[in-house]
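Work through the exercises below with the structure open beside you. Try each task before reading its solution.

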Amino acid sequence: MSLTNWHISETVEPPTWLIKKVGKFAAVLLLQRGIIEPEQIAAFLDTEAYQPTSAFAFPEMQQAIARIQKAYEQGETIAIWGDFDADGITATSVLWEGLGQFFAQGDRLVFYIPDRLKESHGISIRGLDELRSHCHSEGKSLSLIITCDTGSTCLAALTYAQALGIDVIVTDHHTLPDARPPVTAIINPRYLSNQHPLFNLSGVAVAYKLMEALYATLSEVPQKPLEDLLDLVAIGLVADLVQLTGDCRYLAQKGIEVLRQKKRLGVRMLLEQCKRVGDRPIDISFGIAPRINAVSRIWGDVRKCVELLTTRDEKVCKSLIEQTELANTQRKALQKKVFKQVQEKIKQLDLSTTGIIILADPQWSVGVLGLVAGQVVAEYARPTILCTVEDGIAKGSARSIEGINLYDLLKEQEHLLLSFGGHPLAGGLSFRFENLQILSESIDRKFWSQYGQLQSKAIQIDLEVAIADLTKDLFNEFKQLEPFGMGNPYPKLLVRNCIFSEVSNANIRTAKGQKVEYIKTEFTLSDRFGNQIHGDWWGHYSYELPDTACDVVIELVDNAFRRRYDVRLLDFHAQSAPLSAEGSTLATAIKDPHINLKIIDWHGHDAIELDQSLSATICDRCPQSWQDLNTIIELAHQANQSLALVYPDPQQINGAIAWQTLVGIAKYLSRTGKEIKRSQLITKLGIADQDVLQIGFDELQQYGYAVQAIADSSYAFDVTIRVSSIPSSVDRSAPTKQFIQAANELAFQQQFFDHQLKKIATYSENK
């Protein structure tokens with residue numbers, strides 16, 4: 001994993017009233033994100049305090065509503081032209097249900113969505129002919145098309161529609177052409193200033209605002225409330241990764257409130273399928289949206305997705321849910337396969353001189369290229385264009401990074417493109433494959449002349465926390481600030497000086513238990529104070545995690561399936577000198593062909609209990625340094641014996657519990673006048689380190705007990721410990737932290753070196 005630059009947000013001190021209102025960490029996040037004034041904070045947290053913007057703020061909304069009203073009064077046939085991603089599918093569903101209150105569905109209202117595997121985004125002449133032919137075959141004359149999430153730059157097709165006598169109302173949010181398209185009305189927030197509260201609306205939100213204006217104009221017609229559509233709006237907004245500010249945030253908040261109620265059959269069954277509640281944006285981004293998107297990525301045709309989101313037939317819905325789950329499973333495997341192939345091609349590039357990665361392969365499925373391009377951007381910090389090739393035409397997806405406007409770079413090469421569209425960070429395009437080299441060279445030259453330098457991979461870190469902070473309380477603090485997304489990113493947390501343990505790979509499986517070529521690594525993250533939390537690292541193998549202490553960047557997540565809070569690993573920086581290393585024994589052992597170490601796990605037993613028939617070197621003390629580890633391995637190696645680990649399992653050491661146990665033993669010995677052998681005390685505490693034990697004895701004296709160690713030849717190397725009460729007034733409620741901290745730091749070190757021993761043994765078995 002290549003080193004990523006970490007940018008840590010400046011620490012701010014929030015006012016007391018804000019800390020009381022939302023908590024310390026949430027208060028810091030609000031201030032860091034420029035939400036400072038009490039009125040701003042109230043509107044950010046509570047939809048009731050936010051004043052939504054009128055739908056008629058769009059310059060051409062009046063013209064659009066007048067044309068729809070005319071169609072309603074004259075009984076015209078209307079077609080909805082949608083798009084095949086989650087934003088486009090939900091936008092189509094919003095118009096299908098919303099306009100369905102005014103026009104009979106399937107009769108005076110039809111919809112058309114291009115097949116992702118056969119067609120491109122946007123209105124096409126071919127699609128217009130197909131749609132018009134379908135209407136004519138039904139004895140209808142198509143006179144009005146309303147687009148959603150598409151249409152702004154489809155000038156040739158829109159001109160063709162005009163020639164056919166078909167009026168078009170474009171609702172879209174993508175980048176505008178230089179000249180206004182020949183349409184009846186265009187509802188696109190890009191015509192507004194970039195500070196306008198409607199500017200960042202996605203396709204589904206623009207479609208909803210059109211319905212909002214129509215419901216207000218013909219208020220006596222609809223039989224269902226407009227707000228019933230808001231769950232669809234939330235799905236599309238979150239899935240399309242738009243800036244969740246202004247009305248975007250408001251609509252997403254209101255939509256999640258509706259989503260939580262699960263009134264919509266398809267949404268309820270989707271949530272049940274992916275085992276999510278539906279009260280958080282993550283239920284959309286990791287549950288609903290991937291399944292909806294997967295259908296077009298794998299099969300192309302998404303008309304059934306609109307039916308899934310709008311049907312009331314439970315049997316039909318169940319069948320469609322099964323199809324989406326199968327598609328999503330296949331998508332994961334296909335995405336991983338293509339990403340590996342892309343990485344192999346990238347190895348052949350000189351990344352020091354490559355500004356934009358442009359690759360094409362006829363074997364790649366166009367359906368997953370946007371996802372894979374996003375992975376490449378995240379991994380290599382380069383704008384990326386990936387294409388498949390068919391009949392001499394390259395068609396694919398583009399993704400960029402913050403600060404590099406890929407749309408403008410492509411627009412400069414418009415003469416080489418057959419089609420393109422999108423926005424600064426993402427888009428789609430097609431061109432003749434024979435132009436690939438000249439396109440690559442031209443766009444790369446433009447990149448270097450405009451931006452001048454490569455950007456390093458970087459993560460913006462919001463807060464520095466400890467593992468002890470990663471609790472339900474912190475999760476609930478963050479939850480107040482949802483929905484998270486662009487403009488309000490999920491908090492990225494820095495935790496310093498941790499180790500990974502209990503590391504394992506987990507292959508993802510289908511609902512029927514079939515293995516999928518898609519993996520994640522599961523682990524436990526620990527610190528020096530004995531605090532632990534479980535976590536996972538998606539798309540990576542266990543061997544990629546470091547054996548050293550490290551600093552990590554994580555997100556705190558709700559693991560509803562296991563009813564706990566986990567972390568999702570985003571990045572790590574391994575410490576260069578782990579635990580005062582004098583040289584990595586693991587590395588040495590791996591390089592030394594003579595090391596063949598077999599380990600017998602006899603944790604917690606006395607050495608004399610070990611079967612005498614076993615020829616083994618006894619290791620009764622867990623190593624605490626590289627020197628210890630070297631010595632132990634060398635002893636076993638020279639004796640040509642196995643290594644038997646009889647020291648207490650370091651995973652069981654807990655400073656707080658050890659202190660409670662030590663105090664209990666002191667009370668008992670003081671009261672009864674009895675004695676205890678040091679070896680027995682070590683067994684009960686799980687701590688053999690002399691320095692740590694002495695800290696405990698010193699703290700016992702502060703606690704009111706005198707500890708005396710007496711050598712006794714009858715016990716060979718052991719000593720007897722006596723405890724007596726000190727006749728003085730001692731505040732036993734005073735905090736005792738030195739022993740607890742020392743014990744936890746000991747556990748941290750021992751877990752690390754215990755792991756090294758076992759890793760060497762595992763390697764020896766396999767080489």
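The exercises that follow concern a predicted model.

**Exercise 1. Confidence**

Find which element has the lowest mean pLDDT and which has the highest.

Solution.
- Start with the whole protein. Its average pLDDT is 84, and 89% of the residues score at least 70.
- Now go element by element. Helix α19 (residues 585-591) has the lowest mean, 42. Helix α8 (residues 203-217) has the highest, 97.
- Look at the stretch 576-594. Here pLDDT stays under 50. The model has 33 contacts beyond four places in sequence for these residues.

**Exercise 2. The five-stranded sheet**

Work out in what order the five strands of the open sheet lie, and which strands form its edges.

Solution.
- Trace the order: β3-β2-β4-β5-β6. The pairing is parallel.
- Pick out the edges. They are β3 (109-112) and β6 (185-187), and each pairs on one side only.
- Check the twist. Neighbouring strands are turned by 20° against each other on average, direction ignored.
- Zoom in on one pair. Strand β2 (residues 77-81) and strand β4 (residues 142-147) are joined in the parallel sense over five bridges. In this pair, T77 stands opposite L142 of β4.

**Exercise 3. Helices on the sheet**

Determine which strands helices α5 and α6 touch or lie across, and at what angle each helix runs to β3.

Solution.
- Take helix α5 (residues 86-99). It lies across β2, β3 and β4. Its angle to β3 is about 175°.
- Move to helix α6 (residues 125-137). This helix packs on the sheet and touches β2, β3 and β4. Its direction makes about 150° with that of β3.

**Exercise 4. Three salt bridges**

For each of the pairs R264 and E97, E307 and K304, and R496 and D551, say where the partners lie.

Solution.
- Get the total. The count comes to 25 salt bridges, with a cut-off of N to O within 4 Å.
- First pair: the side chains of R264 and E97 meet at 2.7 Å, N to O. R264 lies in the loop between α10 (247-261) and α11 (265-273), and E97 in helix α5, so the pair ties together parts 167 residues apart in sequence. R264 has a relative accessible area of 9%, so R264 is buried.
- Second pair: E307 and K304 meet at 3.5 Å, N to O. Both lie in helix α13 (residues 303-310), three residues apart, which is about one turn of the helix. E307 is partly exposed at 29% relative accessible area. K304 is partly exposed at 47%.
- Third pair: the closest N and O atoms of R496 and D551 are 3.5 Å apart. This pair links distant parts of the chain: R496 is in strand β14 (residues 493-509) and D551 in strand β17 (residues 550-559), 55 residues apart. R496 counts as partly exposed at 39% relative accessibility. D551 counts as buried at 14%.
- Beyond these pairs, add a network: salt bridges link R67, E76 and D167.

**Exercise 5. A charge without a partner**

Find how far D444 is from the nearest side chain of opposite charge, and what D444 touches.

Solution.
- Locate D444. It lies in helix α17 (residues 436-451).
- Look for a partner. D444 is buried yet has no salt bridge. The nearest side chain of opposite charge is R382, 7.7 Å away.
- Apply the cut-off. A salt bridge needs the N and O atoms within 4 Å.
- List the neighbours. Not counting residues up to four places away in sequence, D444 touches T353, T354, G355 and I356.

Technical notes
Residues are numbered from 1 along each chain as its sequence is written. This is a predicted model: local features need pLDDT of at least 70, side-chain atom pairs count only at pLDDT 80 or more; totals for chains, interfaces and linings use all residues. Side-chain values use heavy atoms; hydrogens and water are left out. Two strands pair if DSSP finds at least two bridges between them. Helices (H or I, at least four residues) and strands (E, at least two) are DSSP runs, numbered from the N terminus. Axes are lines fitted to C-alpha atoms, for helices over the stretch in contact, and angles run from 0 to 180 degrees between N-to-C directions. Contact means heavy atoms within 4.5 Å. Buried means under 20% relative accessible area, exposed over 50%, partly exposed in between (1.4 Å probe, protein chains only). Lys and Arg count as positive and Asp and Glu as negative; His and the chain ends are not counted. pLDDT is the predictor's confidence in each residue, from 0 to 100.
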